[in-house]
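Trainee: Could you take a close look at one part of this model with me? I'd like to go through the salt bridges, and then whatever else you think is worth pointing out.

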Amino acid sequence: MTLATTAATGATTGQPQLVIDNVFKQFGEGPGSVIAIDNMSFDVKPGEFVSVIGPSGCGKSTLFNIIGGLLDEYAGNVLIERERIAGPHKAVGMVFQEESTFPWRNVIDNVAFPLELQGVNKSERLDRAHHFIDLVGLKGFEKLMPSALSGGMRQRVSIARTLVSGPQILLMDEPFAALDEQTRLLLGDKITQIQQDLNQTTLLITHNLTEAVQLSDRIVVMTYRPGRVKRIVNIDLPRPRTSDVVSSDAFGHYVAEIWSDLREEASRGMADTESVRRTAPRG
Amino acid sequence: MAATGQVKNPTATMGFAARRASDARSTNLIRIGLLLAIAGSWEALARSGLLFRDVVPSLFSISAAIWKLLGNPAFYANLQVTAWEIFASLAIGSGLGIAVGIILGANRFLGAAFEPYVYYLAPTPRIIFFPVMIMWFGVGIASKIALGALSCFFTVALSTAGGMREVDKVLIRVGRSFRATQWQMATKIYLPAMRAPVLNGIRLGFGTATVTALLAETKLSNQGLGFMIMQIYARFDMPSLYGLLIIVFILAGIGNLILGKVTGTSA
Ligand SMILES: Nc1ncnc2c1ncn2[C@@H]1O[C@H](COP(=O)(O)OP(=O)(O)O)[C@@H](O)[C@H]1O
Ligand SMILES: [Mg+2]
């Protein structure tokens, strides 16, 4: 409760921790080029949970890679503590859309990976890894290989691996996209709980509306082609939250409100993919 | 939840292992059955008198010949020579193959420029380079090692380059996002990710090195198992010839099995 209050005050009065300032990204040159991100601006304050939502292909992963420092060539600025980032920043921890556990490492060695890179000694490494394995609800699975786990469990391993590195900003790209709805809701609960316990500043990238409303303090709605900020919506649902919030009236209003914006973009995206498919059939 | 996971998983793994074991048992039965069937038809053919007795000797004379070969010191001397040739070919060919494979795999330009050569040279029978190797390295074991290394090199280089290129891109991005150094990227991501394809390449390389070494020995040499085969052939001692072929077959199988174990346990 107290944590939630601090988070809320932090969100309203604190300095912006992450600033996206007029970011522009174009792939290719000339006629075949694609503007993936067109002058997007927004910020994420300390302790805040912000979601970026938009239909498939609108440039979300591109934005994710730029903020994570994995994509260097872009116009505009990504600022962390007022400094423009150059490459992956130590304050940012990334969770990828794709399956990203190391198949040759068991659960605990996967989670301890970032500590190994930092040269943390073995016993401390294992202690800290245990703590985060516990936090994502994988206690008892430490010695299993990723191949023995379900997709949802592997994604939790990835999340624990990123959390163990102690990022000030947790950056996630559709971490639940490949999961079924029940697992998604339960994992959402887990994320909310972790975010509240650690007062973790989080930027979640998603195409799932329910997920975004369930988890966020604010939602950045993106347009499709080029990717722009269409609207930023404050979600004033009470915290601490659980997945029960999904059945409340207020939740339904938010979903309906954002969906009316999103529908337009999503149908443009769909028309686009279909016309591409009709004119240039490629596998 | 954690408790059920702890209890449930070992049993699940055991069930899986048990199923695998019973699968292995039935494939073994089929294999043994096949061997018995071949041996039976062979013996029937040998006794039928349809073919010359000398061309298809009875299993008893072949067994006797194997027994005699196993007691012959010359066999062990030749075995040692061939084993050394194969080992040295494999070591040299794999070492160079891995190094070149990494360069081709890591560098898109070099890969595009040179890989076609490796690719098209790989299936050419290496034995055609044998005369060249004899001129360079003489008629002794050096020319066999060189030829074996050459054949092993192509296989290992191609599988290493392929393995390097197929390292899951997202794992590389994970490493970069955690700000791994170049050295950490190499040792903690590329190397473990490439282990399976490289070891598999070495295993295939062992096969080609063995074939090449034996073939070269049958062409021009004065020692080694290939040489011994030709000596026996010159005497037209069919039981010993078949006996030696069976021994070579089994030894190559054992070698392959050992390498397979190494690959299998690590992959
Ligand atoms: N490396 C690239 N080269 C060219 N075009 C790209 C590249 N990456 C993404 N794009 C294009 O940019 C647009 C946005 O892609 P992406 O950021 O992956 O969208 P999302 O994650 O929202 O589905 C898409 O039209 C995609 O085709
Ligand atoms: Mg994406």
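Trainee: To start with, which residue does Arg235(B) form a salt bridge with, and how far apart are the closest N and O atoms?

Mentor: Keep in mind that this is a predicted model. The partner is Asp237(B), and the closest N and O atoms of the pair are 3.5 Å apart. Arg235(B) itself counts as exposed, because its relative accessibility is 53% and the cut-off for exposed is over 50%.

That pair is one piece of a bigger tally: the structure holds 18 salt bridges over all chains. One of them crosses between chains, running from Arg173(B) to Glu98(A). Here the closest N and O atoms sit 3.2 Å apart. On the chain B side, Arg173(B) belongs to helix α7, residues 169-177. On the chain A side, Glu98(A) is in the loop between β6 (92-95) and α3 (107-111). Glu98(A) is partly exposed, with 36% relative accessible area.

Now stay within chain A and look at Arg231(A) and Glu257(A), whose closest N and O atoms are 3.0 Å apart in their salt bridge. This one links distant parts of the chain, with the two positions 26 residues apart: Arg231(A) is in strand β10 (residues 229-234), and Glu257(A) is in helix α9 (residues 249-279). Arg231(A) counts as partly exposed at 29% relative accessibility, and Glu257(A) counts as partly exposed at 34%. Salt bridges can also share partners, and that is how Asp43(A), Lys45(A), Glu48(A) and Arg218(A) are joined into one network.

While you have chain A up, turn to ligand 1. The residues around it include Phe27(A), Ala36(A), Lys60(A) and Arg225(A). By type, the shell divides into four nonpolar, five polar and two charged residues. Helix α2 of chain A (residues 60-67) gives the largest share of that shell, three residues. For the polar contacts, start with the backbone: an N or O atom of Gly57(A) lies 2.7 Å from an oxygen atom of the ligand, and one from Ser61(A) lies 2.8 Å from a ligand oxygen. Thr62(A) uses its side chain instead, with a polar atom 2.5 Å from an oxygen atom of ligand 1. Taken on its own, the ligand has 560 Å² of accessible area, and the protein covers 60% of that.

Last, back to chain B for its layout. The domain assignment gives domain 1 (2-56) and domain 2 (62-264), and their centres, taken over C-alpha atoms, are 28 Å apart.

Terms used:
Residues numbered from 1 in each chain as written. Chains lettered and ligands numbered in written order. Predicted model: local features only at pLDDT ≥ 70, side-chain atom pairs only at ≥ 80, totals over all residues. Heavy atoms only, no water. Salt bridge = Lys/Arg side-chain N within 4 Å of Asp/Glu carboxyl O. Helix = DSSP H or I, 4+ residues; strand = E, 2+ residues; numbered from the N terminus. Buried < 20%, exposed > 50% of the residue type's maximum accessible area, 1.4 Å probe, protein only. Domains from an automatic or database assignment. Near = heavy atom within 4 Å. Polar contact = N/O pair within 3.5 Å; in protein donor to acceptor, adjacent residues only side chain to side chain. Areas by Shrake-Rupley, 256 points an atom, 1.4 Å probe, with all protein chains shown as cover. Nonpolar A, V, L, I, M, F, W, Y, C, P; charged D, E, K, R; others polar.
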